[in-house]
Amino acid sequence: MTIRTRFAPSPTGYLHVGGLRTALYAYCFAKKNEGKFVLRIEDTDRERFVADGTQNILKSLYWAGLIPDEGVMFDNEENIIQKGDCGGSYIQSERSDIYREHADRLIEQGHAYHCFCAPERLDELRQFQQLNKLPTGYDGHCREINPIEAQKRASDGEKHVIRMKMPKEGETVFNDEIRGEVRFKNELIDDQVIMKSDGFPTYHLAVVVDDHLMKITHIIRGEEWLSSVPKHLQLYKYFGWESPKMAHLPLLLNADKSKLSKRQGDVAVEDYVKKGYLKEAIINFIAFLGWNPGGEREIYSLDEIINEFNFDKVGKSGAIFNLQKLDWFNREYLKKMDLAELVQRAKEFLLADPEIFSAIGEGQYEDKDLARVIALERERVTTFSELPEALKFVFVLPKYKSDLLIWKKSSVDELQNILPGLKDLLSTISVQSWDRTILERTVGDWVKEKGYSVGSVLWPMRVALSGQENSPGPFEIAEVLGKEESLNRIDLAISNI
RNA sequence: GGCCCCAUCGUCUAGUGGUUAGGACACCUCGCUUUCAAUGAGGUAACACGGGUUCGAUUCCCGUUGGGGCUACCA
């Protein structure tokens, strides 16, 4: 039997980093077992639908290298296409007939029923239950309506939803690939809505029907779905289908241990792409949030992760999304990468999005500047036997926004004293002599002559030139920027002390 | 409130019925460095608690506590 996994995001705007991890595990499990990785779009919620949501998700997925074998994918021009045969589209909004048929089948068999309850009634019911600290849930108001009468009311156009009937007794027990045996009492589980009044199915119906029709063998998804499993299993039973195996992944968490959310930082993969993180670093970092091959090595390529991937090595508890560790992974990959590759990546990075610097600065840069700044960094590396963070350093190229300057290492007095003097000094250097050796000597002499400490001059100089707290050396930046731009930036900095 | 899941340094984690409980990030100290970063060498730091089971539990079982998820005509 061919292993088939799927990733089934909702196109609500962008790919969430948690989604990327889910996709990664599903991808790795499929590849490890020589199976297929299917991409399906779950867009049955019309209210949250975002027009280019699918495009964005695919972009991020392709960026990371998680290319679907089947379902929704890109062609060579980044047009959205579909591949594979599941008896229809891999986009749920285009499968309404299929869900309708299946819902009707459940009604015919007495496993589901029309519900005519108004949302207001359900709201009141819920409020009452909450107020009285009762378990919340549907009260079965429409469950006993005569099916023939219900059918008639529905076909007469009365607004309704379709609910599945959960058994009132017994237990649902299943074996999660990661958590082992989990059991639920059926009586506590709601008669879930499976078809909404707008004619679209809810997640619960769509996911069961599609996973079956698409021959998914392993459902890999976040832990937030664990409590829905009994409903799904009941649906499989009603349809007479065998359930796929399931693996519920631990959640990615904010620093306060709540579910990773937009409010507490960036959650979109594209945000991290824009910041200059390498895909290798993101993949490696995210893979190790909840999975560990054992041992002490932490740097793993995608292929190596695939090779080692196994549900036994997936943890059960949530993992905090720790940016400092991500930075470390990024540095490690930057260190390893050779210069040519680095320049190429930096170029792709800059070309990928014209707005990439909008948060940091504005202005022009040229390819030769880019190559130079990276080469300089690399040179500095050999000189000092250090290694670069080149992608981060390309940010010195655009003109930074002055209100982002951070002066925290120097006092205002110090800055007002030193920067104008430094500017006058640099003005005396001719354009022809403007290279880092001469700059370094000139500034060095000046520092001595004035009796300044080295740090009190070089640090502000670097900040004024780069707009950043951490950057390449000031002389290297000055050389790349040229005399005019360097002096302009120091002016800019002076006016923003 | 109900149901479900989870529990090793601050964080990500390795690990075992008997270990000096290992690594990485972060942090601290020192060194290097004409500046920050980077880098080198050290260091602080964890088995949530209470009962069992056992010669022996961090490890197995139960409970407590704590955290999280779900509890929609959202996924």
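Ala, Val, Leu, Ile, Met, Phe, Trp, Tyr, Cys and Pro count here as nonpolar, Asp, Glu, Lys and Arg as charged, and the others, Gly among them, as polar. By that split, the surface near RNA strand B has 24 nonpolar, 18 polar and 26 charged residues. The model is predicted. This briefing takes the RNA surface first, then three helix pairs.

**RNA strand B: the surroundings**

- RNA strand B is surrounded by 68 residues.
- The closest of them are D45, E296, E440, V454 and R462.
- Sugar or phosphate accounts for 73% of the RNA strand B atoms within 4 Å of the protein. Bases supply the rest.

**RNA strand B: polar side chains**

- E296 places a polar side-chain atom 2.5 Å from a sugar or linking oxygen of RNA strand B.
- D45 has a side-chain N or O atom 2.6 Å from a sugar or linking oxygen of the strand.
- R331 faces a phosphate oxygen of RNA strand B, with a polar side-chain atom at 3.4 Å.
- Several elements give two or more residues to this surface: α4 (119-131), β6 (161-164), β8 (180-185), β13 (319-320), α11 and α17.

**Helices α16 and α17**

- Helix α16 spans residues 436-450, and helix α17 spans residues 454-466.
- Their axes come within 9 Å and cross at roughly 140°.
- α16 and α17 are therefore oblique to each other. Roughly antiparallel would need an angle over 145 degrees.
- The crossing of α16 and α17 is right-handed.
- From α16, V443, W446 and V447 take part in the contact; from α17, V454, V457 and L458 do.
- This contact has six nonpolar residues, no polar ones and no charged ones.
- V454 thus appears in two settings: it meets α16, and it is among the residues closest to RNA strand B.

**Helices α9 and α11**

- Helix α9 (residues 279-287) packs on helix α11 (residues 323-336) at an angle of about 135°. Their axes are 8 Å apart.
- The two helices are therefore oblique to each other.
- α9 crosses α11 in the right-handed sense.
- On the α9 side, the contact uses E280, A281, I282, N284 and F285.
- On the α11 side, it uses K325, L326, F329, N330 and Y333.
- The contact of α9 with α11 holds six nonpolar, two polar and two charged residues.
- α11 also gives two or more residues to the surface near RNA strand B.

**Helices α3 and α6**

- Helix α3 covers residues 96-108, and helix α6 covers residues 203-213.
- Their axes come within 10 Å and cross at roughly 105°.
- α3 and α6 are therefore roughly perpendicular to each other, because angles of 65 to 115 degrees count as such.
- I98, Y99, H102 and A103 represent α3 in the contact.
- L205, A206, V209, D210 and L213 meet them from α6.
- Seven nonpolar residues, one polar and one charged make up the contact of α3 with α6.

How values were computed:
Residues are numbered from 1 along each chain as its sequence is written. Chains are lettered from A and ligands numbered from 1 in the order in which they are written. This is a predicted model: local features need pLDDT of at least 70, side-chain atom pairs count only at pLDDT 80 or more; totals for chains, interfaces and linings use all residues. Side-chain values use heavy atoms; hydrogens and water are left out. Axes are lines fitted to C-alpha atoms, for helices over the stretch in contact, and angles run from 0 to 180 degrees between N-to-C directions. Helices (H or I, at least four residues) and strands (E, at least two) are DSSP runs, numbered from the N terminus. Angles under 35 degrees count as roughly parallel, over 145 as roughly antiparallel, 65 to 115 as roughly perpendicular and the rest as oblique. A crossing is left-handed if the near helix is turned anticlockwise from the far one by less than a right angle, and right-handed if clockwise. Contact means heavy atoms within 4.5 Å. A residue is near a molecule or strand if one of its heavy atoms lies within 4 Å of it. A polar contact is a pair of N or O atoms within 3.5 Å; within protein, one must be able to donate a hydrogen and the other to accept it, and residues adjacent in sequence count only if both atoms are side-chain atoms.
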